[in-house]
Amino acid sequence: MADVSLKNVGKTYESASTNTIEDLNLDIHSGEFVVLVGPSGCGKSTTLRMIAGLEELSDGQIWIGGRRVDEREPRERDIAMVFQNYALYPHMTVAQNMSFGLRLAGMDKAEIRRRVEDAAQVLDISALLERRPKQLSGGQRQRVAMGRAMVRDPAVFLFDEPLSNLDAKLRGQMRAEIRRLHKRLSATTIYVTHDQIEAMTLADRVVVLNKGRIEQQGTPQELYERPATRFVAGFIGSPTMNFLPATVMRTDAGVSLQIGDVAIPVPTARAEALRRHVGKGIEIGIRPEHFLADGAAAFITTVDMAELLGPTTLVHFTLAGVACSAMLPPELAVREGGEQALRVALDRISLFDPDTGRAL
Amino acid sequence: MPASNTLSAASATGSIQPKTGTRKPATRRQKRDWMFAAGFLAPFMILLLVFQYLPLLVMARNSVYDYSLLNPAAAKFVGLRNFTDMIEYEDAAISFGVTFLFALGVVLLVIPVAFALALFLNSKLPARGLVRTVIMLPVVTSSVVVAIMWSFLLDPSNGLINGVLNIAGIGNQPFLTSTDQALPALVAMTLWQQVGFGAILFLAGLQGLPVELTEAARIDGATRRQVLWNVTIPLLSRTTLFVVVIMTVFSLQAFAPAFLMTQGGPQESTNLIVYHIYNSAFIMQQAGYASALSVVLLLVVLAISMAQMALLRSRWNY
C-alpha cells in the first residue's frame, strides 16, 4: 500500500495542437480505490500510463509511497497493471504468466509456487494453471491478468479499462470480484474506465476527467447528487440527466423557474442563490427518477414512448421543446400517446449557469 | 416455395454444395459465376502449367534418360542410373555438402544481423529512414551486379578489402582463390545482399507485436534486455522460422556467386548445387544427370517447405 500523488502533471504530444493533460493535481491515499472516468480522449488512460511509467511526463511530478518516480523505469515503481486486452504472454502457460515477474525478481521457487497457487485459488483459476491464454475464455484471461498483478503484491494496482472486452453479464460479475479483491487486499488501486456504472459501483472516490482536466472528484454519491458542472451531471447517471432551459422569475412567494409554459417554484433553500439570476436564463437538470407521478401534477405531458424495463418504466416525453425521460413505477398504467401528469422533486434538481456550465 | 427452387447464399456465391442427398443441377447464375471465375483464372493457370509444371514433368522424365542437349533425339532410357550415379560418384555429395554449408553459414549470419538491424529500424533513433534505404539497396540490386562488385572488392591484389587489411597490418588474402576462404567470402557477400530482406521481415514481425506485451513485461519488472529475451524473441519465433526457411531456400538456389566469382572452385569448394546442375547440363552435356540432380534438389526444397508449413502452424496467437 502506498500513497500516489500527481503534482502539476502535464502531457503534450508533438502531433496534438493542445495539451492532452494540463496541470493535473491528484492525491490518492493509501488503500484507496480511485476511479478515473471520462469520455474517450479525456486523458484518463494517458494519466494511468504516466503513473505506470509507460508514458513520459511533459510537466510535473509523480510520487508513489513518498518517492518521486516520474523519472524511474516502470519496474522501479512497485506497481502492477491490468491491461484492457489483458496482455497475457501467449507463449507462456497461466502459471508462467503469473510467475513471470517473480521469476525475474529472482524469488525462491517454492515461494513463487505458493503465491501463484494462492492467487489462483482466490481467483478460482487453479484448474487452468497449465493452460495457455489461447485456451481461455475472456473472463478467465481477465482473472489471469489480475492474478499476475496480485502475486507481485505491489504497492499500487493500476487497471486500464479491464472489463471493456467482456460481455455485460461477465462485466457485472467481474466488477463485484474486483471490489471484493480490493477489500481483501486493501491495496491502493487506480482504475480507468469510460463506463460510469463501473465508476459508481467500484470507487471510493471518482475523478471525472474532461479534456485533460479534473472536472470534479468525490464519492460516487456526491457526484451523483451534487454534480459541480453540467458535464459531470450529464456524464454520471444512467439514463442521463434531462437538461431544460429555464428562466428565473420573481414571484410573490419567492423565486420560480419558468420552463416553457410550466412554472416550477424553487424551494426557499435554493432561492437565495438564484436571486441574482432573476430574469436570466439558466439550465435546470432533472434526473429521470426525479420526475414523479404521484398525483400532485405540476404539468401534464403527452407520452411519446414508454419502455418497460422491469423494475421501472422509462417514459419519454417532450417538455418545452426538449426530449425528456422519466423513470416511473412499472405499476403505473402509462400509455404511448396518452397524457401523463408529472411533477418534479424540487429538492433534487440541479441548476447550472448556461455560460460556464457550473452548478449554481 | 419448394426447397430445390430456393437460391441459398452459398449457391449464390458459387460455392460447392455438400455431397448430401441428390446433387442439385447448377443454376444459370452458378454457371455464369463459374464462367467468370474460369475466365479470370485461365491466364495465370495456363502460364503456371506451361512454364512451371510442364518443365517439372519434362525434368522428371529426363532424369531417367541419358541424353545430350546437342542431340536430344538420341536419348536413351537408363532407369534410375542417374540417381545411383549420384551416390556412386562423389561430385553430387560434395556439391550438396558445399551448398548446405553455404546455406548454414548464410542463415546463421543473416538471422542475428537482420534481427539487430530490425531492432534498430524499429526504434526511435535518428537516421532510421536512411539506414532502411541503405540496407534495402543490395536486395533490389541484381545478383550479377553484386557478384561482379564483390569480385572487385575481393580481388587478391587490388581489392578494396585487401587494401583495408593492409592498412591494419594484415597481408593480402587470396579470398576467392583459396579453398578455405572462397566459401566464407561467398557467404559474406550473400549476407550483405540478403540481410536487408531479413531485416524487413523481422521489422514486420516486430511491428506486428502487440505493444502491451512488452509494456506488461516492463511493469512485471523486466529490463529491456529481459523483455527482448523473454517476450520479443519467443513471440517472433514464427517470423524467425520464416526467415530461416526463406534464406535456406535462397541459399540452396544460389547460382550467380559460383558462376560469376569462382566457377565452383577452387577444388569444388564453392561448387553450389545449382551451378553444378548448370555445369552438368550445359558444359558436360549430361542433361539426364542434371535433371536427376534437379529432382533431388526439388525434393529437398519441397521437404523444407513442408517442414515450414508444419512448424508455422500456430501454437499460440496474440
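Two strands are taken to pair if DSSP finds at least two bridges between them. On that basis, the predicted model contains an antiparallel pair in chain A formed by strand 11 (residues 242-251) and strand 14 (residues 281-286), joined over 6 bridges. Within this pair, Thr247(A) stands opposite Gly281(A) of strand 14. Both strands belong to an open sheet of 5 strands in chain A. The strand order is 13-12-11-14-20, and the pairing is antiparallel. Strand 13 (262-265) and strand 20 (350-352) form the edges, each pairing on one side only. From one strand to the next, the twist averages 40°.

Other antiparallel pairs occur in chain A. Strand 1 (residues 4-11) pairs with strand 4 (residues 59-64) over 5 bridges. In this pairing Lys7(A) faces Gln61(A) of strand 4. Strand 4 of chain A also pairs with strand 5 (residues 67-68), again in the antiparallel sense, over 2 bridges. Here Ile64(A) stands opposite Arg67(A). Strands 4 and 5 of chain A form a hairpin with 2 residues between them. In the turn, Gly65(A) has a positive phi of about 55°.

Strand 16 (residues 299-308) of chain A likewise has two partners described here. With strand 19 (residues 339-344) of chain A, strand 16 shares 4 bridges in the antiparallel sense. Thr301(A) has Gln340(A) of strand 19 as its bridge partner. With strand 17 (residues 313-319) of chain A, strand 16 shares 5 bridges, and the two strands run antiparallel. Ala306(A) is bridged to Val315(A) of strand 17. A hairpin links strands 16 and 17 of chain A, with 4 residues between them. Gly310(A), in that turn, has a positive phi of about 105°.

Helix 1 (residues 44-52) of chain A is largely enclosed by the rest of the structure, because 8 of its 9 residues are buried. The buried set consists of Lys44(A), Ser45(A), Thr46(A), Thr47(A), Leu48(A), Met50(A), Ile51(A) and Ala52(A). Just after helix 1 of chain A, Gly53(A) takes a positive phi of about 90°.

In chain B, two helix pairs were examined. The axes of helix 4 (residues 90-122) and helix 5 (residues 128-140) of chain B come within 9 Å and cross at roughly 150°. The crossing is left-handed. Helix 4 of chain B contributes Leu117(B), Phe120(B) and Leu121(B) to the contact. Helix 5 of chain B contributes Arg128(B), Val131(B), Arg132(B) and Ile135(B). By class, this contact has 5 nonpolar, no polar and 2 charged residues.

Helix 9 (residues 211-219) and helix 10 (residues 224-235) of chain B pack at an angle of about 160°, with their axes 10 Å apart. Angles over 145 degrees count as roughly antiparallel, and helices 9 and 10 of chain B are therefore roughly antiparallel to each other. Helix 9 of chain B passes helix 10 of chain B in a right-handed crossing. On the helix 9 side, the contact is made by Leu213(B), Thr214(B), Ala217(B) and Arg218(B). On the helix 10 side, Val227(B), Asn230(B), Val231(B), Thr232(B) and Leu235(B) take part. The classes are 5 nonpolar, 3 polar and 1 charged.

These two helices also appear at the contact between the chains. There, 16 residues of chain B are in contact with 19 residues of chain A. Helix 9 and helix 10 of chain B are the elements that give two or more residues to the side of chain B that touches chain A. Helix 9 of chain B gives the most, with 6 residues. That side of chain B has 9 nonpolar, 3 polar and 4 charged residues.

Thr270(B) lies in the loop between helix 12 (256-262) and helix 13 (273-283) of chain B. A residue is buried if 20 or more other C-beta atoms lie within 10 Å of its own. Thr270(B) has 28 other C-beta atoms within 10 Å, so it is buried. Leaving aside neighbours within four places in sequence, Thr270(B) is in contact with Val98(B), Ala182(B), Leu183(B), Leu186(B), Ala258(B), Thr262(B), Gly264(B) and Gly265(B). Thr270(B) and Thr99(B) are 171 residues apart in sequence, with their C-alpha atoms 7.8 Å apart in space.

Terms used
Residues numbered from 1 in each chain as written. Chains lettered and ligands numbered in written order. Predicted model: local features only at pLDDT ≥ 70, side-chain atom pairs only at ≥ 80, totals over all residues. Axes fitted to C-alpha atoms, helices over the stretch in contact; angles between N-to-C directions. Left-handed = near helix turned anticlockwise from the far one by under 90°. Contact = placed C-beta atoms within 7 Å. Nonpolar A, V, L, I, M, F, W, Y, C, P; charged D, E, K, R; others polar. Buried ≥ 20, exposed ≤ 12 C-beta atoms within 10 Å, placed from the backbone. Parallel < 35°, antiparallel > 145°, perpendicular 65-115°, else oblique.
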